[in-house]
Amino acid sequence: MNLKDIILNIVYDENYLPMTFKELDKYLKVDKYTRKAVRDIIKDLEKENKIRVSNKKRIMPLTDDEINLIGKISMAQAGYGFFISDNRDFEDVFIKRDNMNKAHNNDRVKIELIKRKEKGRKAEGRVIEIIERAKDEIVGSFQKNKGFGFVIPDDRSYGEDIFIAEKFFNKAKNKDKVVVEIINYPKDGKPEGRIKEIIGGKNDKNIEILSLIRAHGLPYQFSKETKKESLYVKDTVNEIELEGRKDLRDLFTVTIDGRDSKDFDDAISIEKNGENYDLYVHIADVAHYVKKGTAIDNDAYERGNSTYLFNIVIPMLPEVLSNGICSLNPNEDRLAISLKMTINDKGKVIDNEFYESVINSDHRLVYDDVNAFLDKNDENVYEDELIKEKLRIFDELREILNTMREKRGSIDFNFSESQIDVAEDGRVLNISNFERGSGNKMIEEFMLAANETVASLFAYMDFPFIYRIHEKPKEEKIESFKKALNTMGYNIRGNDLHPKDFQQILEEVEGKDVESVINILMLRTMQKAKYSEHRDMHFGLSTSFYTHFTSPIRRYPDLIVHRLVKKFIHNKLTSLNQTSLEKTITNNADHLSMTERRSEDCERDVEDLLKCKYMTRFIGDEFYGNISAITEFGIFIELDNTVEGLFMYKFSNDRYEYLEDKMKAFNTDKKIFYSIGDRVKIRVMDVDTYQRNIDFDLEVNDEIISQQ
């Protein structure tokens, strides 16, 4: 524990009596050499609004009210925003644009309350201090003038343009996409900056996606050291590397992935053993090639995971590893960590073994073909009878595992997933609803079983480990979900809800128009899964222990788990300093949860951008869709192709009333009620690719196509 944490622990101890500086020095037993360091820490803590110093120079903890009114700003594009307190139990506070006091999105601030909460309205506040700026680099479009210029931020929630003096143009041309570094926040006037990087011209290939990558702070270039280390990576397995490994090359093994996949980090094998199944899950032994502390490892940790942006991939590992020696390519010897699970006819893993292995995949299968064979009984897909036999056994086990998970209450979401076909130059060719077949579900089941088996092993050993946890939904979220269900004619009863209660609702709505909407609403009710050093349940999967083990090519947490599994295989876990390891894993979990959110945010923005680009060709056209949300300003509708848009009341010729208690919208002119899940017809009115918004007009003349 560092000195700053020690001081905070002292000040916030329930028995603490406020001390002066001298009294704290005496308590800490500091000498004249460390006294200045203590003073500097006190100043930093006061500046960070973590403590306060009274008029009598006593070091004081913050009161609950003071803590509640310190947090971050979340701004909307219109300039208003919400204050989100550091205290998660404190309700968000509405901040008008005029009360932002030059705060920008994600700035850490202190506020004061100017209006108390009323029925249907949040409390209102005013920013009184900006504690810390969220970011000093902004992505935007450069607008060049004579002698000066402006950068117009892509993120309109930033609030204002950035002034650029001519000496800070850095060779940027008019309308270039740039990264600007903020160098000054004057009391009056716009923020001032200098252009740090030119991303490209407005018409450059994939410029919008590249701008989003940079805006989200995704590392997209490998370091010089990593590029140098990559030159020494071999492309074949040599005999020396096979020493001490389990030889599984004669075991019939396949990979199953998408048709366009290039990196294969998992392969599977199966053998029937009486009533039981011996399932082998082989995972690329990335830890053999990526040693801790190397430049490749450091870059991989910084990225945390690969990011998939349709026609652009930002890999966690250099291609020579991800698509080369680590990829379980067919008919090539590859090093793996193999987990053999013996699973009974009830879906329970009754035995397991781990090996450092060498495998040689017999076939590279693709989901489309596997789905055609299993779901459509297309015998012509494969000529090899052994492939057909093994796929049937795989599918038997898939059904057994799926039934087992359903019985224990695992939530199997079935919401719409976008299939977006994008050309290399960024043109969006088509958008459709992605269908998961038996092949997709089979691999999911096998990977879930492997991840759970590994997590259970380390949990029962009570050894420091990185878990994947999914905490129970918060009470207010559950109440909101119950309310939405009631408006659609469904109920979920009880207070202490189990995952099975949620799964039963999904089974009840399966195949109905409202199914997709309820899946989305339920997903929004859930907390975000994250990495943690603490053992905790995974609510969505209804399991006590879970981790990520099966994708070390594209997820760094899996690489951490592999290193621990390899130690386990060689009986070397006891040689590790468990206290040090636990602290390291704590830091890793926080960082890797952050990198995952960062990638997901960028992936979501890119998906919205591509949907907007696609829908520009359909302005004026009519579509059918289902109402996915109703707010005080408009109705969100999701089309059958997964594109979502907004119908805003204020742009309608009719008058609308938002019935918050009933979660409905009422057209007061035509006397029509609209509820979540209703199927309606819309017309595409406008598409703003810059803001990634799509505006719909509700075709009210036809009333509602169907109601729940």
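In this predicted model, strand β31 and strand β32 (residues 672-675) run antiparallel and are joined by four bridges. Two residue pairs show how the strands line up: Lys664 of β31 stands opposite Ser675 in β32, and Ala665 has Tyr674 in β32 as its bridge partner. The two strands make a hairpin with four residues between them, where Lys671 takes a positive phi near 60°.

Strand β31 also pairs with strand β30 (residues 656-659); these two run antiparallel and are joined by four bridges. Here Tyr656 has Asn667 in β31 as its bridge partner. β30 and β31 form a hairpin too, with four residues between them, and Met663 in its turn has a positive phi of about 55°.

The two hairpins are set out below.

| Hairpin | Residues between the strands | Residue with positive phi |
|---|---|---|
| β30 and β31 | four residues | Met663, about 55° |
| β31 and β32 | four residues | Lys671, near 60° |

The three strands form an open sheet in the order β30-β31-β32, with antiparallel pairing. β30 and β32 stand at the edges and each has a single partner strand, so one side of each is left without a neighbour in the sheet. Neighbouring strands of this sheet are turned by 20° against each other on average, direction ignored.

Which way do the side chains of β31 point? In a regular strand, side chains alternate between the two faces of the sheet. In β31 (residues 664-667), Lys664 and Phe666 point one way, Ala665 and Asn667 point the other way, and all are buried.

An unreviewed UniProt entry lists residues 620-699 as "domain: S1 motif". This span is 0% helix and 60% strand, and its end C-alpha atoms lie 12 Å apart.

Terms used:
Residues are numbered from 1 along each chain as its sequence is written. This is a predicted model: local features need pLDDT of at least 70, side-chain atom pairs count only at pLDDT 80 or more; totals for chains, interfaces and linings use all residues. Side-chain values use heavy atoms; hydrogens and water are left out. Buried means under 20% relative accessible area, exposed over 50%, partly exposed in between (1.4 Å probe, protein chains only). Two strands pair if DSSP finds at least two bridges between them. UniProt positions are given in the numbering used here, feature names are shortened, and annotations may be inferred rather than shown by experiment. Axes are lines fitted to C-alpha atoms, for helices over the stretch in contact, and angles run from 0 to 180 degrees between N-to-C directions.
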